[in-house]
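Student: I've got a new model open and I'd like to learn how to read it. Can you walk me through some features?

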Amino acid sequence: MNLEHLSSELRRIETEVSRVLVGQESLVEHVLVGLVARGHVLIEGVPGLGKTLLVRALGRVLGLSFRRIQFTPDLMPSDITGSTLYSQKLGEFSFVPGPVFTELLLADEVNRAPAKTQSALLEAMQERSVTTDGITRPLSEPFLVLATQNPIESQGTYPLPEAQLDRFLLKLEVGHPSQAAEAQILLNYVAGFDPGELSHLNQVSTQASIVEMQRSLGEIRIAREIIDYVTDIVRRTRNHPSVSLGASPRASIGLLNVARAHALWEGRDFVIPDDVKSYAHAVLRHRLQLQPDAELEGITADHCVDSVLRDAIVPKTSA
Amino acid sequence: MSLRGTRLGLVALLALGCVSGAALAAPSDESPAWQSLPPATSSDAEGAEREAADEASDEPEAPSNPFTSVPADSVEGSLSRVLSSPDVSFCKAEQAAAREDSRLCSLSRLSARQRCPGLRQACASKPAEASPGSSSGWTIRNGLAMLGDLAFWVVLAGLLVVLGLALRRVFADTEFAPPGAPERRSASTSEAAPVARHVAETDVARLWAMAQESALAARFEEAVAALQGALIHALRISGKLHVSPAQTNGDYLRALRPDPTLHATARDVFRSVEAVQFGGAPASGELYRKLFERVQPIVVRVLFVLLLCAFGLAQTGCSKAFGGDPVGGADGLGVLTRLLTDQHTTVRRRVRALNVIEPEVSAILVVGEQPSEAWVKLLEFAAGGGMLVVSESSEDLAKATHVHYSADAHTGRLDMPTGFEPSQLELFAVVRHSLELRNPEDTESDRTFAQVGKRAYVAERSHGAGSVLYFGDDDFLSNASLSVGDNAFFAVSLLRRNGQVLELVGPWTGGGSSSTFSSLFKAGLGALLAQLALLAVLFGWYGGTAFGLRKDPIAVRRRAFRDHVLALGESYRRARATRFALASYGSWLTERLRERLSPQQPIGLIDLAGRVAGRVDRPESELVVLLTEAREAQDDFAAARSSPADLSTLEKLEALTVRAGGSK
């Protein structure tokens, strides 16, 4: 395993994507870390921040196949997974794969579809396979679902159930770019940038390379103290007074994998407490169910994670 | 003795130590007017009582021969006991200081009746090295004084620590309060999640020493961790970092971004140490040396500053509290006071100013120089019938009584004039001054008790209704002098005030403070206060105008249920679902109105509107419209478009329910 090589490749991907997605370097880093950690990412943000552009650019730069599903109230599960159709020409039933059979899947406005349709993604996200008509079909490797949702609108939306939320490794909140970044976006448009045309982006990675990165995570060293730190953080979410339902063991595993992926991103072959702490919000915020009175008082999941991190003692600290 | 009793004893011991230590350096106006000098021991007191019982109860007030009124045996017995007591240090042969006192040695050679044989022996021998255990002149009193002083500094240090912790908490709250959200946890979180006790070394100097010690022992993993700790805490002391157990190295690096040089140094150190701690990389001497070179300039700079601070603070600890032994030393007055106490004379040291002298005081012994205002008061006291005892010249005194001190030089026996027979006492002194009794207005009132040749050495002159008793030198009343010949009997006979009070007036008199600040400065704490003030100013300058400002407590306000409903309605409006809100909440309110106004049987909207109108005094037609709108919303909320009017209707309905008696 050549960690430096893999790390520099990740950096090159970030640099290339940032050519079109200006001012969202942190978002790109988080999505790449999620990809390497074999997770799925839920992106929450108002429209117009470049969420779709990010996924398209990633597909182009990584050399992965890319599909997009616009979730609507009338979307059916078979519209996602695919269905078996009778071919009059061949005189037999044949399976027509849905858009889920891809490597990068953008589930746009995922909360606009009813729960039944959303659940169609459950198996795909967790088992990385799709079962139709009793036949289980594996999905390709890598497989990354990037789902987006709008935090403002609530009419005609269907909040994701806890089970579905738990399948997402990371939940990222996309903010508005800085003034300088926004000015650069305008300059790019003035210079003729077309978000629909990304052919000028270079492919700097391959499917095999991404898979190698995912497999190399197993070789990232994790000290026992780090594992204790992770479990301490997750356990504290369960005992927090503002939280009615804390994070699950799946969250612990997710946090550990993300910490490993971040160590790889940094070019290290070992995990440090910073890897855990810097991704705690993204891994835990969508897994916490707050007490009703805490919600009314304006407390958010991020505040609870902040509070947990303030109390959890960092291993081998000098303080 | 019970535990509580032991504690009380310790507290009393500490309090006594405090009184005899630093606290006595600056008595305030609130302190007593005097300090009782050491009383006689119990055996002394018993002996004195026995002897006093032998005396006639109606003793004449002014005997013509003062040396016949006191039993010589009694004084001799008292003197032996006093000189043998452990806190009369000058009499001990091993006292190095005493051996170097030429006057003391001169006195010791004058008479065969020297009651300190060890002293004579010591004066005769060549000065030798004192043993470590005895050279300090250790006494119980000194020990208590040291204990009191120590307790004082411990309390002061504790206060500083509390202040530091309070400041730390203020800044910690500022730094970590989640923006825009009420704080709502901590204690319960800690209770819920058991936390392992975490103790880490935070002292830079100790961490630095630990690093070097570990490196010398080839424990390089511990050494580099200690180096990292020293770096972090050095940066904390210099105000660059806020350190807490929940902070990671990444947090520290982010805090150091404004200083690129420090950031680069810290990043290199952290990376290397993390590789050892979490990456299993070997810690070698080479790595230690490399990190040492990076960390050393930062840590040493901080240690130097700390050293300067410590040095500066140490200056304030210097005092003269233990500089001498004013009681048991050769120059002290301890022997005289104890002998007088044995003779039923209360001797006390006057602390309060001489503005008002209490009536029970019949004699005042003046020690050292006094200001003119004090002499006025003292002479008024003598003129009023008291006895003033002086042993130094003073212009004010000479002007008032015409008694002058003139230089003299004689070492040996003093003569007693005629008239005191059969009392022939052996008096010895190192004479430096004798007395000139000029312009006697009433020569019969002058009495000379001791002479140097033809010159008076101890004499008394009347002043108004009282008198002034002069001693040629203050040394005559000192401990050393009283140990020789009949000096003690002589002095006690003249100064004894049976059942009355003799006060010692000296430099300590009038030392009471008019304010707390004055008291602190007199206690030698002025320099410390000034240093603290300077530190506060520097810290304020460093911290900016926010330093010391009061912070509003974070208000955790419980919203009323109505506020929640309004907020919910606003959310529905944003989501263009106000019709749905009207349908749900309007239905609920309508049911509450029905329950309140017709609990027994269900009624229609028209009847309900009529009953509500009767209760709230509103037109029934208006209420029918309102209730009907709420009802219609239940039927068409899915189809009809939402509008702000829905919320308005909802608000009216809610107000109506409140007026009709509430929703409960």
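Tutor: Sure, we'll go through a sheet, two helix pairs and a single residue, bearing in mind that this is a predicted model.

Student: Let's start with the sheet. In what order do the five strands of the open sheet in chain A run?

Tutor: The general idea is that strands of a sheet pair through backbone hydrogen bonds, either parallel or antiparallel. Here the order is S2-S5-S8-S1-S9 in chain A, and the pairing is parallel. Strand S2 (66-70) and strand S9 (170-173) of chain A each have a single partner strand, so one side of each has no neighbour in the sheet. Going from one strand to the next, the twist averages 20°.

Student: Over how many bridges do S5 and S8 of chain A pair?

Tutor: Four: S5 (residues 104-108) and S8 (residues 144-149) of chain A are joined in the parallel sense over four bridges. To find your place, look for A:Leu105, which stands opposite A:Val145 in S8(A).

Student: Which strands does H2(A) touch when it packs on the sheet?

Tutor: H2(A) touches S1 (41-44), S8 and S9 of chain A, and its direction makes about 170° with that of S9(A).

Student: On to helix pairs. How should I describe one?

Tutor: Two packed helices are described by the angle between their axes and the distance between the axes. Take H2 (residues 25-36) and H10 (residues 249-266) of chain A: the angle is about 115° and the axes are 9 Å apart. H2(A) passes H10(A) in a right-handed crossing. On the H2(A) side, the contact is made by A:Glu29, A:Val33 and A:Val36, while H10(A) brings A:Val258, A:Ala261, A:His262, A:Leu264 and A:Trp265. Sorted by type, the contact residues are six nonpolar, one polar and one charged.

Student: And in chain B, at what angle do H10 and H12 pack?

Tutor: H10 (residues 220-237) and H12 (residues 260-277) of chain B pack at about 145°, with axes 10 Å apart. H10(B) passes H12(B) in a left-handed crossing. Among the contact residues are B:Val224 and B:Leu231 of H10(B), and B:Phe270 and B:Val273 of H12(B). The contact divides into eight nonpolar residues, three polar and one charged.

Student: Last one: how many other C-beta atoms lie within 10 Å of A:Ser119?

Tutor: A:Ser119 has 15 of them within 10 Å, so it is partly exposed; 20 or more would make a residue buried, and 12 or fewer exposed. You'll find A:Ser119 in helix H5 (residues 115-127) of chain A. A:Ser119 and A:Gln164 are 45 residues apart in sequence, yet their C-alpha atoms are 7.2 Å apart in space.

Methods. Residues numbered from 1 in each chain as written. Chains lettered and ligands numbered in written order. Predicted model: local features only at pLDDT ≥ 70, side-chain atom pairs only at ≥ 80, totals over all residues. Axes fitted to C-alpha atoms, helices over the stretch in contact; angles between N-to-C directions. Helix = DSSP H or I, 4+ residues; strand = E, 2+ residues; numbered from the N terminus. Left-handed = near helix turned anticlockwise from the far one by under 90°. Contact = placed C-beta atoms within 7 Å. Nonpolar A, V, L, I, M, F, W, Y, C, P; charged D, E, K, R; others polar. Pairing = 2+ DSSP bridges.
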